[in-house]
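I opened the notebook with a short list of places to look up. The entries below follow that list.

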Amino acid sequence: MGRTLAEKVWDDHVVTRAEGEPDLLYIDLHLLHEVTSPQAFDGLRKSGRKVRRLDLTLATEDHNTPTLDIDKPIADPVSRVQLETLRANCAEFGVRLHPLGDVEQGVVHVVGPQLGLTQPGTTVVCGDSHTSTHGAFGALAFGIGTSQVEHVLATQTLPMAPFKTMAVTVQGELPAGVTAKDLILAVIARIGTGGGQGHVIEYRGPAIEKLSMEARMTVCNMSIEAGARAGMIAPDETTFAYLKDRPHAPRGADWDAAVAYWRTLRTDDDAVFDREVVIDASELSPFVTWGTNPGQGAPLSAAVPDPASYTDPSERQAAERALEYMGLTVGQPLRDIRVDTVFVGSCTNGRIEDLRAAAEVLRGRSVAEGVRMLVVPGSVRVALQAMAEGLDKVFTESGAEWRHAGCSMCLGMNPDQLAPGERSASTSNRNFEGRQGKGGRTHLVSPQVAAATAVLGHLASPADLITDPALAA
Amino acid sequence: MEAFTTHTGRAVPLRRSNVDTDQIIPAHWLKKVTRDGFEDGLFEAWRKDAEFVLNRPEHAGATVLVAGPDFGTGSSREHAVWALQNYGFKAVVSARFADIFRGNSLKNGLLTVVLPQETVERLWTLIEHDPTTEVTVDLLARQVRAGSITADFDLDENARQRLLEGLDDIDLTLRREADIAAYEARRPSFKPATAQV
Ligand code: SF4
């Protein structure tokens with residue numbers, strides 16, 4: 001019987017396999033950041049162990065880093081200690097680190113791909129659930145906990161019980177104005193936040209093949225919000241073109257050997273998935289969340305749903321709680337929801353294409369009175385590219401704030417936070433209670449919807465700008 | 001890791017689904033660089049409400065958490081497990097756990113027990129009716145017992161053995177040194193390396 005993409009990559013990394021035991025998997029790339037690594041380094045120190053493969057390990061600073069005044073000492077002493085701890089650990093053990101202020105600094109899941117380190121057929125781990133992002137290249141990439149970070153540091157392997165496989169096949173074509181973010185939000189709303197549990201999702205079908213690498217990363221990034229261990233997309237010409245000549249991409253004969261191998265990384269025609277979901281892309285439209293988990297979403301054209309419409313009692317209860325927390329009323333059109341803050345950034349939508357898309361909508365328009373808009377590039381490289389294209393000017397001229405790279409308001413570990421009761425339209429990936437600041441209310445949206453929302457002050461898509469003659473650019 | 005064989009204690013009924021790790025331990029707690037001292041961060045936002053079940057005097061000192069489905073979704077933060085353990089929980093019962101959370105819990109000796117939602121509901125009713133009810137989570141017999149409820153649960157045999165013996169995973173893996181070295185010797189040369197170029 002044929003094998004799926006995920007199974008092929010898995011099989012190629014099995015170090016040992018024994019009946020009744022998890023497989024021991026080899027890890028090709030281990031990414032680190034300051035939040036989930038200190039206790040792991042401590043563990044190494046206590047047991048007198050070293051990092052086994054420094055050449056397969058890379059650290060960046062992202063979660064705690066400020067996005068303003070980065071040349072000044074970090075104001076929050078606890079954040080500062082965490083960054084200093086990472087620096088000390090990397091220096092002591094010899095790990096390559098891109099600290100705040102470095103040209104390669106940025107959100108770990110933006111940095112890996114742009115350096116060309118994330119490659120098809122590799123295993124990638126990081127103490128971070130959005131490691132699933134790297135699956136866009138046909139890598140088997142998944143988030144791990146701190147004990148596992150220590151395990152990988154010490155052994156470059158992980159004991160893992162096999163995942164189940166799920167195909168999400170996206171037929172047809174995405175309509176104009178509908179993005180990868182809308183697609184993945186719709187997928188999560190369909191299968192639920194636990195729908196992918198235990199599975200690796202392979203996204204496939206004509207609508208997926210058409211996506212750029214950046215859009216594919218947006219899709220794979222949010223696999224974890226459907227509960228999946230990982231998301232993957234088979235590598236193709238789009239993938240190879242993205243990787244060619246990146247700093248860590250193979251060169252010369254190695255490139256040819258790599259591409260020959262990468263071409264084999266496709267699910268066989270006779271392979272069987274444990275579960276299959278089919279989505280028709282042509283039926284999709286801009287999608288936003290109204291609740292407090294990423295599965296609580298609906299098309300922008302819809303209204304706030306009635307919890308009573310859920311048959312499952314725990315879903316109904318969750319919807320009731322969510323509406324209360326979000327301060328929304330049943331039947332209220334989603335388009336009427338007014339926001340205070342718009343956040344464009346994160347490992348979901350903080351790449352250059354995302355900034356271009358948001359800037360395109362903002363060009364010649366202004367951020368609405370009373371709305372604060374933060375644009376936070378996913379990495380310094382993204383920021384430099386955006387500045388070379390003049391996007392930073394577009395943002396600042398429209399009244400948005402152009403910030404330094406990092407995770408920023410995606411989780412508010414740095415000063416970029418919502419105040420209690422404040423409402424945001426955010427291109428990030430989690431609308432959990434308090435995620436962006438205590439008492440903050442988050443609506444997950446695409447960069448295009450974020451920008452249109454900033455202009456109108458309420459949830460909106462770029463199409464709403466065009467139908468409003470006063471605002472048409 | 002601390003071994004887990006069997007535990008008996010009072011329980012907290014947490015009638016909420018999709019309890020994500022941002023609720024279990026909010027991000028600002030993640031700045032700590034140790035594995036302890038997270039008890040006050042556990043469910044921090046919800047604990048501001050005096051009526052929140054964890055704040056109820058009748059549940060003080062409880063060691064078993066009985067939660068709704070999809071417990072531990074979201075972030076990979078192991079701090080969520082440490083916070084539950086620092087607070088005093090030894091076991092969590094739910095109809096479904098998020099994968100990374102479950103993996104983290106088993107690595108730390110916090111037993112996560114999967115029971116059908118219907119059994120969880122019965123446990124909730126029982127505990128709410130009589131908060132002094134003792135719940136036994138028996139890993140040897142793979143069984144949860146409370147009042148008249150007896151429910152068997154599954155746990156992968158390998159994970160169970162590791163828990164029962166409190167084995168250190170890294171030690172176990174390092175015994176495979178020769179296999180790891182052999183794998184490394186056959187890795188293709190085109191694989192990426194992080195050395196600065
Ligand atoms: S941008 Fe957000 S989701 Fe991505 S790594 Fe940073 S905090 Fe996590």
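I began at B:Phe43, which sits in the loop between α1 (21-24) and α2 (44-47) of chain B. Helices here are DSSP runs of H or I with at least four residues, strands are runs of E with at least two, and both are numbered from the N terminus. The phi of B:Phe43 is positive, about 50 degrees, although the residue is not a glycine. Most residues other than glycine have a negative phi. B:Phe43 counts as buried because its relative accessibility is 0%. Buried means under 20% relative accessible area, exposed over 50%, and partly exposed in between, with a 1.4 Å probe and protein chains only.

Ground rules, noted early: this is a predicted model, where local features need pLDDT of at least 70, side-chain atom pairs count only at pLDDT 80 or more, and totals for chains, interfaces and linings use all residues. Residues are numbered from 1 along each chain as its sequence is written, chains are lettered from A and ligands numbered from 1 in the order in which they are written, and side-chain values use heavy atoms, with hydrogens and water left out.

I then looked up A:Asp245. It also has a positive phi, about 70 degrees, and is not a glycine. Its place is the loop between α9 (237-243) and α10 (252-262) of chain A. Is A:Asp245 buried or exposed? It is exposed, with a relative accessible area of 55%.

Next, helix α4 of chain B. I found B:Ser105 in this helix. B:Ser105 is buried, at a relative accessible area of 0%. Beyond its neighbours within four places in sequence, B:Ser105 contacts B:Val81, B:Leu110 and B:Thr112. Contact means heavy atoms within 4.5 Å.

B:Phe101 is in helix α4 of chain B too, and its ring partner B:Phe71 is in the loop between β2 (64-67) and α3 (79-87) of chain B, 30 residues apart. The pair is edge-to-face, with 5.3 Å centre to centre and 75 degrees between the planes. Rings of Phe, Tyr and Trp (its six-membered ring) pair if their centres lie within 6.5 Å; planes under 30 degrees apart count as stacked, over 60 as edge-to-face and the rest as tilted. Both B:Phe71 and B:Phe101 are buried. Over all chains I noted 17 aromatic pairs. In chain A, A:Trp10, A:Phe142 and A:Phe163 make one aromatic cluster.

Which residues of α5(A) meet α4(B)? They are A:Ser147, A:Gln148 and A:His151, and they meet B:Asn104, B:Lys107 and B:Asn108. The residues of this contact divide into no nonpolar, 5 polar and 1 charged. The axes of α5 (residues 146-155) of chain A and α4 (residues 99-108) of chain B come within 8 Å and cross at roughly 75 degrees. The two helices are therefore roughly perpendicular, a term for angles of 65 to 115 degrees.

I turned to A:Ser426, in strand β18 (residues 423-426) of chain A. A:Ser426 is buried, with a relative accessible area of 0%. Leaving aside neighbours within four places in sequence, its contacts include A:Lys181, A:Phe343 and A:Gln436. A:Thr329 is 97 residues from A:Ser426 in sequence and 20 Å away in space, C-alpha to C-alpha.

Last, the cysteines. I looked for disulfides, pairs of cysteine sulfur atoms within 2.5 Å, and the count is 0 over all chains. A:Cys407 counts as buried at 7% relative accessibility. A:Cys410 counts as buried at 6%.

Terms used. Axes are lines fitted to C-alpha atoms, for helices over the stretch in contact, and angles run from 0 to 180 degrees between N-to-C directions. Angles under 35 degrees count as roughly parallel, over 145 as roughly antiparallel, 65 to 115 as roughly perpendicular and the rest as oblique. Ala, Val, Leu, Ile, Met, Phe, Trp, Tyr, Cys and Pro count as nonpolar, Asp, Glu, Lys and Arg as charged, and the others, Gly among them, as polar.
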